[in-house]
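Colleague: I'd like a close look at one part of this model, with the rest as background. Pick the strand region you'd show a chemist and take me through it, plus whatever surrounds it.

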Amino acid sequence: MQYEQARSWLEEDWRRVDDALTGQTARFRGKRILVTGAAGFLGFNFLHYFSHLNTDGSGSEPVRVVAADNYLRGRPKWIVEIVQMDPNITLSRCDITQPWPGTKFDYDFIIHAASIASPTFYRKYPLQTLDANVLGIRQMLELGRKHNVESILYFSSSEIYGDPPPDEIPTKESYRGNVACVGPRACYDESKRLGETLCYLYSRQFNVPIKIVRPFNNYGPGLRLNDGRVLSDFCRDVLSGRDIVLKSDGLASRTFCYASDALTGYLLMLLSPYNGQPLNIGADAPEITMREMAGLVLKVARSERNVVFEASHEPDYLTDNPQRRCPDISQARTVLGFNPQVGLEQGLLRMLEWYRNLSEDDR
Ligand SMILES: NC(=O)c1ccc[n+]([C@@H]2O[C@H](COP(=O)([O-])OP(=O)(O)OC[C@H]3O[C@@H](n4cnc5c(N)ncnc54)[C@H](O)[C@@H]3O)[C@@H](O)[C@H]2O)c1
């Protein structure tokens with residue numbers, strides 16, 4: 001499918017976000033937004049949603065977006081195509097841990113999504129991952145403070161909880177975590193924790209309007225097929241007509257939040273006055289084991305293949321992997337009116353359809 005068609009196919013997702021935001025998107029009109037980590041999975045969703053606002057036929061002032069990324073994981077084709085289609089989006093190749101070039105900084109909103117999220121790749125780039133979550137957010141907070149930015153969004157992670165005991169599942173924001181400060185996941189988990197501390201301090205000391213979200217496993221269009229996260233691995237197997245390979249006993253469980261629901265939560269948070277305190281954003285049901293998830297992906301894909309077990313070639317693949325992860329989202333429901341809409345089967349179907357509609361290079 002051509003990019004233009006693929007993009008219009010996504011409109012169904014964006015209309016769902018419009019409905020959930022009930023007119024609040026007017027606050028983005030005529031504004032300038034800096035999205036860091038824009039070439040990643042969530043960057044894909046932010047950029048396409050803002051571009052949808054620019055082409056909704058309302059004739060309102062456009063949202064101007066600068067998409068910043070250092071392309072540590074390569075430059076995806078879609079990001080070149082989106083700027084060709086929407087002149088209000090521009091690319092900036094930069095490493096956000098380095099000093100900001102020049103003195104000009106005229107953004108109304110900052111969405112700080114830079115930091116590799118896939119365990120396979122953050123183990124490959126541990127120091128870069130740590131820096132994006134510590135030096136990167138510190139720089140965004142400092143720029144936000146100096147230039148009176150309207151609101152900043154920091155992506156923390158459900159990983160800050162580490163491996164919670166069964167009586168802390170579903171996990172509330174008040175749970176303090178069970179995290180290893182040394183080990184192959186520490187670069188991610190501990191830097192997200194320090195990133196939150198920085199946000200809290202900038203909110204307390206300087207009144208910086210910083211919003212902290214703790215995402216729980218998002219999935220959907222925009223997730224690269226070679227990303228190494230569990231659902232992209234499963235989809236890659238079924239799309240190649242192979243058995244699904246489980247690289248564990250498949251008993252660990254997670255909940256999964258479809259991209260348009262997650263995006264709704266992030267935008268509601270960005271536009272909220274909820275400064276300096278973290279909120280879980282994710283789906284609170286169903287909590288599903290990886291073995292069950294593999295079966296569900298086969299069912300949704302109408303594949304006749306099986307689930308097979310094979311050790312990962314990565315020695316640290318399972319080290320410190322949390323056994324269960326499921327958020328308590330009652331705070332986000334109360335504070336933001338956040339209410340995930342897309343069921344797991346529906347979301348998986350859309351994700352698979354998205355991949356199937358793209359050429360192999362675009363996946
Ligand atoms: N997607 C999820 O389910 C999920 C879950 C928990 C937390 N998060 C967090 O949300 C954010 C976005 O997640 P994602 O899934 O889009 O990740 P991703 O790995 O798909 O994308 C991250 C992007 O950040 C860029 N980047 C990394 N370091 C950079 C730097 N120094 N300067 C500029 N760009 C840099 C990478 O090149 C990449 O394009 C991350 O902070 C991630 O940790 C995501």
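Modeller: A word on labels to start: helices are DSSP runs of H or I with at least four residues, strands are runs of E with at least two, and both are numbered from the N terminus. Keep in mind that this is a predicted model.

Some background before zooming in. The protein comes to 12 helices and 14 strands. Its C-alpha atoms fit a box of roughly 55 × 45 × 35 Å along the principal axes. The radius of gyration is 19 Å, which agrees with the value near 21 Å that a compact globule of 363 residues would have. Buried residues account for 47% of the 363. Looking at contacts with a separation of 6 or more, 83% of them link residues 24 or more positions apart.

Now the part I'd pick: strand E4, residues 109-112. Both of its faces are covered, with Phe109 and Ile111 buried on one side, and Ile110 and His112 buried on the other. E4 has a parallel partner in strand E1 (residues 32-36), and 4 bridges hold that pairing. In this pairing, Thr36 of E1 stands opposite His112. E4 also runs parallel to strand E5 (residues 151-155), again joined by 4 bridges. There, Phe109 faces Ser151 across the pairing.

Stay with E1 for a moment, and look at Ile33. Beyond residues up to four places away in sequence, Ile33 touches Phe109 and Ile111 of E4, along with Tyr107 and Asp108. The list for Ile33 also takes in Phe28, Phe50, Val63 and Val65. In the largest nonpolar core, which holds 94 residues, Ile33 is one of the members touching the most others; Val35, Leu47 and Val297 share that distinction.

The ligand's surroundings bring in some of the same territory. There are 31 residues around the ligand, and Gly37, Gly40, Leu42, Ala117 and Phe155 come nearest. Phe155 belongs to E5, whose residues are 151-155. Three elements, helix H3 (41-54), E2 and helix H6 (126-146), each give the shell at least two residues. By class, the shell has 14 nonpolar, 14 polar and 3 charged residues.

E2 covers residues 64-69, and Asp69 sits in that strand. Is Asp69 buried or exposed, you might ask? Asp69 counts as buried because 24 C-beta neighbours lie inside 10 Å, and the cut-off for burial is 20 or more. Past its neighbours within four places in sequence, Asp69 is in contact with Gly37, Ala38, Ala39, Gly43 and Arg93. Gly37 thus turns up among the contacts of Asp69 and among the residues nearest the ligand. For scale, Asp69 and Tyr161 are 92 residues apart along the chain, with 27 Å between their C-alpha atoms.

Follow the chain past E5 and you meet a backbone detail to check in your own setup. The peptide bond from Ile169 to Pro170 is cis, with omega near -5°, and Pro170 lies in the loop between E5 and helix H7 (186-206). After H7 comes a loop leading to strand E6 (210-215), and Asn207 sits in that loop. Asn207 is not a glycine, yet its phi is positive at about 55°. Asn207 counts as exposed, since it has 11 C-beta neighbours inside 10 Å. On the other side of our region, Thr22 is found in the loop between helix H2 (11-21) and E1. Thr22 likewise has a positive phi, near 35°, without being a glycine. With 9 C-beta neighbours inside 10 Å, Thr22 also counts as exposed.

For contrast, there's an open sheet of 3 strands elsewhere, ordered E12-E9-E14 with mixed pairing. Strands E12 (288-289) and E14 (324-325) are its edges, each pairing on one side only. Strand E9 (residues 253-254) runs parallel to E14 over 2 bridges, and Arg254 has Arg325 as its bridge partner. Leading into E12 from strand E11 (278-281) is the loop that contains Pro286, where a cis peptide bond joins Ala285 and Pro286 with omega about -10°.

Conventions: Residues numbered from 1 in each chain as written. Predicted model: local features only at pLDDT ≥ 70, side-chain atom pairs only at ≥ 80, totals over all residues. Rg over C-alpha atoms; globule rule 2.2 N^0.38 Å. Buried ≥ 20, exposed ≤ 12 C-beta atoms within 10 Å, placed from the backbone. Contact = placed C-beta atoms within 7 Å. Core = buried A, V, L, I, M, F, W, Y, C linked by C-beta atoms within 7 Å. Near = placed C-beta within 6 Å. Nonpolar A, V, L, I, M, F, W, Y, C, P; charged D, E, K, R; others polar. Pairing = 2+ DSSP bridges.
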